[in-house]
Amino acid sequence: MKKALTIAGSDCSGGAGIQADLKTFSAHGVYGMSVIVSVVAENTSRVIAIEDVSPDVIRQQIDAVFEDIRPDAVKVGMLSQPPCMEAVAEKLREYRPEHVVIDPVMYAKNGCPLMDPCSVDRLIQTVLPLATLLTPNIPEAEKIAGCSIRSIEEMEEAARRIQAMGPKGVLVKGGHAQGDAVDVLFDGKQIHHYTAERIPTKNTHGTGCTYSSAIAANLALGLEMPVAVERAKAYVTMAIRHALSIGKGYGPTNHFYDVYRNGLTNGAEIE
C-alpha cells in the first residue's frame, strides 16, 4: 500500500485540515499519517482559537514517521507562524521526500485568518522552494506573487512568477473566480488548464485541503503531476457536488460518496 503524510492543522469539526486530508487519503486507497502543527478550535461558521504545537514536537512527529514508515508523498497545509514553518522546512530538507504538495493556507472558508499575515515572506523564503507542487487559490496567489488576478491569463502569469520562486510546479485554483471553475497548472514546462462546472453550493468547507491531499495521494500512487491534478480535480468536484449540509455555516465536502457507491477508484490497488 502507498503511504502519504499530512503536515497541517487539526480541524475539530472534521471538514478541513488533518481530518480532511486523512479522509482523502483513505478514499484513494492510500495509508494516511499525520503531523499536527496547530490545533484549531473551529466549526463551519467560525474560528474560535488557534494553538500551535511547539517546533520541537513538530520535528519529533516528523522524525517518528520517517524513521519507521517513509511516506511516498507529503502534503503540507496550515503553517501559521515562522517557527512552525522553519521546523517543517528543516525536516523536509533532512528527509527529502519525493513528492511534497504544499497548500499555502492563509484563511478559513469563513474568512478567518489561519496564518499571520506578516509570515508570508517567511513562507516564501523557507517553505515554497521545497514544493513539488504549490496549490494557492487566487487570493493566496495574489499575495505570494504580488499581483492582481482577474483573468485566466493573469492566473498563468502568477503561476509562472511563483514557480520562479522555487516550487517545481504551481497550481493556481480558480474557485474564487466567476463562471466555470478553471484551475491553471504550470509544471515548469507547460501550462495546463483544468475546467469543471461551478457547483452552486455554500458547502465547500475544506475543499483546498481536500484538493491538495488528493493530488498528494495520486502522486503517491505513481501518477505524473498533470494526471494527478486531473484526477484530484475530478475527485474534489465530486466531493463538492455531494457536499454535506452539516452545521450552521459552510458545510463539509463528501469525501466518501464515490467510495460508498463504487469502491476505490483513481488507480488505487490494495492486495
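**Helix packing in a predicted model**

Biologist: Are α7 and α8 roughly parallel to each other or oblique?

Modeller: In this predicted model, α7 and α8 are oblique to each other. Their axes cross at roughly 140° and come within 8 Å. Roughly antiparallel would require an angle over 145 degrees.

Biologist: What is the handedness of the crossing of α7 and α8?

Modeller: The crossing of α7 and α8 is right-handed.

Biologist: Which residues of α7 and α8 meet?

Modeller: From α7, the residues are Thr-207, Thr-210, Tyr-211, Ala-214, Ile-215, Asn-218 and Leu-219. They meet Met-225, Ala-228, Val-229, Arg-231, Ala-232, Lys-233, Tyr-235, Val-236 and Ile-240 in α8. By class, the contact of α7 with α8 divides into 11 nonpolar, three polar and two charged residues.

Biologist: Let us turn to α1. At what angle does α1 pack with α7?

Modeller: Helix α1, residues 17-27, and helix α7, residues 207-220, pack at an angle of about 40°, and their axes are 9 Å apart. That angle makes α1 oblique to α7. The crossing, in which α1 passes α7, is right-handed.

Biologist: Which residues make the contact of α1 and α7?

Modeller: On the α1 side they are Gly-17, Ala-20, Asp-21, Thr-24 and Phe-25. On the α7 side they are Cys-209, Thr-210, Ser-213, Ala-214, Ala-216 and Ala-217. Sorted by class, this contact of α1 with α7 has six nonpolar, four polar and one charged residues.

Biologist: Which residues in α1 are buried?

Modeller: The buried residues in α1 are Gly-17, Ile-18, Ala-20, Asp-21, Thr-24, Phe-25 and Ala-27. Asp-21 is thus on the list of buried residues, and Asp-21 also takes part in the contact with α7.

Biologist: What covers the buried residues of α1?

Modeller: The cover includes three strands, namely β1 (3-11), β2 (31-42) and β4 (73-76). It also includes the helices α7, α8 (225-241) and α9 (257-262).

Biologist: What phi does Gly-29 take, just after α1?

Modeller: Gly-29 takes a positive phi of about 75°.

Biologist: Which residue has a positive phi although it is not a glycine?

Modeller: That is true of Arg-96, with a phi of about 50°. For background, most residues other than glycine have a negative phi. Arg-96 is found in the loop between α3 and β5 (100-102). With a relative accessible area of 67%, Arg-96 is exposed, because the cut-off for that class is over 50%.

Biologist: Next topic: how do α2 and α3 pack? At roughly what angle do the axes of α2 and α3 cross?

Modeller: The axes of α2 and α3 (residues 82-95) cross at roughly 25° and come within 9 Å. The two helices are therefore roughly parallel to each other, since that class holds angles under 35 degrees. The crossing of α2 and α3 is right-handed.

Biologist: Which residues in α2 and α3 meet?

Modeller: In α2 they are Pro-55, Ile-58, Arg-59, Ile-62, Asp-63 and Phe-66. In α3 they are Pro-83, Cys-84, Ala-87, Val-88, Glu-90, Lys-91 and Tyr-95. The contact of α2 with α3 divides into nine nonpolar, no polar and four charged residues.

Biologist: Is Phe-66 buried or exposed?

Modeller: Phe-66 is buried, because its relative accessibility is 8% and the cut-off is under 20%. The residue lies in helix α2, which covers residues 55-66.

Biologist: Which residues is Phe-66 in contact with, leaving aside neighbours within four places in sequence?

Modeller: Phe-66 is in contact with Leu-5, Pro-71, Val-74, Tyr-95 and Pro-97. Phe-66 and Tyr-95 are 29 residues apart in sequence, and their C-alpha atoms are 7.4 Å apart in space.

Biologist: And where is Tyr-250?

Modeller: Tyr-250 is in the loop between α8 and α9. At 33% relative accessibility, Tyr-250 counts as partly exposed. Its C-alpha atom is separated by 5.6 Å from that of Lys-202, although the two are 48 residues apart along the chain.

Biologist: Finally, the whole chain. How many helices and strands does the protein chain have?

Modeller: The protein chain has nine helices and nine strands. Its C-alpha trace spans about 45 × 45 × 40 Å along the principal axes. Of the 271 residues, 53% are buried.

Biologist: What radius of gyration does the protein chain have?

Modeller: The chain has 17 Å, which agrees with the value near 18 Å for a compact globule of 271 residues. Furthermore, among contacts between residues at least 6 apart in sequence, 68% join residues at least 24 apart.

Technical notes. Residues numbered from 1 in each chain as written. Predicted model: local features only at pLDDT ≥ 70, side-chain atom pairs only at ≥ 80, totals over all residues. Heavy atoms only, no water. Axes fitted to C-alpha atoms, helices over the stretch in contact; angles between N-to-C directions. Helix = DSSP H or I, 4+ residues; strand = E, 2+ residues; numbered from the N terminus. Parallel < 35°, antiparallel > 145°, perpendicular 65-115°, else oblique. Left-handed = near helix turned anticlockwise from the far one by under 90°. Contact = heavy atoms within 4.5 Å. Nonpolar A, V, L, I, M, F, W, Y, C, P; charged D, E, K, R; others polar. Rg over C-alpha atoms; globule rule 2.2 N^0.38 Å. Buried < 20%, exposed > 50% of the residue type's maximum accessible area, 1.4 Å probe, protein only.
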